[in-house]
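Please open the model in your viewer with the backbone and side chains shown, and keep a selection panel at hand. The tour goes from one selection to the next and says at each stop what is to be found there.

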Amino acid sequence: MATGFTYLPDQKKTVYYNEAGQMLYGFQKLNGVTYYFDSDLGTQAVGQKNIKGHWYYFDAKKGMATGLTYLPDQKKVVYYNNQGQMQYGQQVLNGATYYFDLITGEQLKDNVAYNRKKGQINYYGKQAHGMINLAGKTYDFTKGYLQGHGLVTVKGQTFLLNGNKVVTGQQRLNNHWYYFSPTSGKMATGLTYLPDQKKTVYYNAQGQMLYGNKMSAATGIYSIM
């Protein structure tokens with residue numbers, strides 16, 4: 001009778017049997033290390049896995065990852081909390097401030113992101129304050145956040161600033177409608193769904209809403225309401 005980690009060659013998977021020879025499932029803490037075994041098949045999880053809406057990462061030997069973790073297959077650094085769940089947005093770790101992409105969880109380096117709690121654009125990199133050069137342009141972070149007025153583009157991301165505050169939602173500028181995501185603060189381009197108005201609209205590369213028919217090389221002609 002097998003006990004412990006066992007490779008099943010006919011099924012090409014590794015499972016775990018307890019001292020009574022019974023296969024285990026779900027999260028299991030074994031010798032102080034947390035592992036996960038598929039709830040139906042008992043297969044040991046290795047690599048990134050989504051469990052009940054949260055991303056986790058498991059090493060075959062070290063088990064569940066926590067803290068800052070480099071994912072070699074995706075070539076990015078992410079952060080998992082003490083429960084092993086990937087975290088997003090701004091995080092304070094051991095007194096230092098980090099930012100992780102709201103979609104991918106990738107750690108942001110030498111770039112800016114929208115701080116929703118303060119309504120400001122913060123810089124995440126080696127230099128915390130001052131005049132910071134990004135992609136050949138210098139920006140004012142002397143107070144710790146980006147300052148400016150109107151449309152400001154930083155490394156391909158366009159925001160609408162009113163002093164030190166980021167303006168979000170649908171806005172009319174110079175007789176054109178624009179939309180700035182309440183989540184990321186970024187200016188929308190392309191087909192965009194407006195949840196408060198329950199409609200899909202189209203913004204060109206300059207962020208301006210278009211009307212009538214718009215030709216797309218990929219999909220042909222579609223109607224813009």
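Before selecting anything, keep in mind that the model is predicted.

**First stop: N94**

Select N94, which sits in the loop between β10 (89-93) and β11 (96-100). If you display its backbone torsions, you should find a positive phi of about 55 degrees, although N94 is not a glycine. Most residues other than glycine have a negative phi. Is the residue buried or exposed? The relative accessibility of N94 is 86%, and because the cut-off for exposed is over 50%, N94 counts as exposed.

**Second stop: N174**

Move next to N174, whose place is in the loop between β19 (169-173) and β20 (176-180). Here too the residue is one other than glycine with a positive phi, and for N174 the value is near 50 degrees. With a relative accessibility of 71%, N174 counts as exposed.

**Third stop: N204**

Now select N204, which lies in the loop between β22 (199-203) and β23 (212-216). Its relative accessible area is 13%, and since buried means under 20%, N204 is buried. What does the side chain of N204 reach at 2.9 Å? One partner is the backbone nitrogen of Q208, at that distance from the side chain of N204, and the backbone nitrogen of Q206 likewise lies 2.9 Å from a polar atom of the N204 side chain. To see the surroundings beyond the local stretch of chain, add T189 and L210 to the display, as N204 is in contact with both of them when its neighbours within four places in sequence are left aside.

**Last stop: the largest pocket**

Finally, select Y99, D101, L102, Q157 and K186 together, which are the lining residues nearest the centre of the largest pocket. The volume of this pocket is about 290 Å³, and its lining is made up of 18 residues. Which elements give two or more residues to that lining? They are β12 (111-115) and β17 (157-163), and of the elements it is β12 that gives the most, with 4 residues. If you colour the lining of the largest pocket by residue class, you should find 8 nonpolar, 6 polar and 4 charged residues.

Terms used
Residues are numbered from 1 along each chain as its sequence is written. This is a predicted model: local features need pLDDT of at least 70, side-chain atom pairs count only at pLDDT 80 or more; totals for chains, interfaces and linings use all residues. Side-chain values use heavy atoms; hydrogens and water are left out. Buried means under 20% relative accessible area, exposed over 50%, partly exposed in between (1.4 Å probe, protein chains only). On a 1 Å grid over the protein atoms alone, a cavity is a set of points where a 1.4 Å probe fits but cannot get out, and a pocket is an open set with protein on both sides within 12 Å along at least five of seven lines; lining residues have an atom within 4 Å of a point. Grid points are joined across faces, edges and corners, and a volume is the space filled by probe spheres set on the points. Ala, Val, Leu, Ile, Met, Phe, Trp, Tyr, Cys and Pro count as nonpolar, Asp, Glu, Lys and Arg as charged, and the others, Gly among them, as polar. A polar contact is a pair of N or O atoms within 3.5 Å; within protein, one must be able to donate a hydrogen and the other to accept it, and residues adjacent in sequence count only if both atoms are side-chain atoms. Contact means heavy atoms within 4.5 Å.
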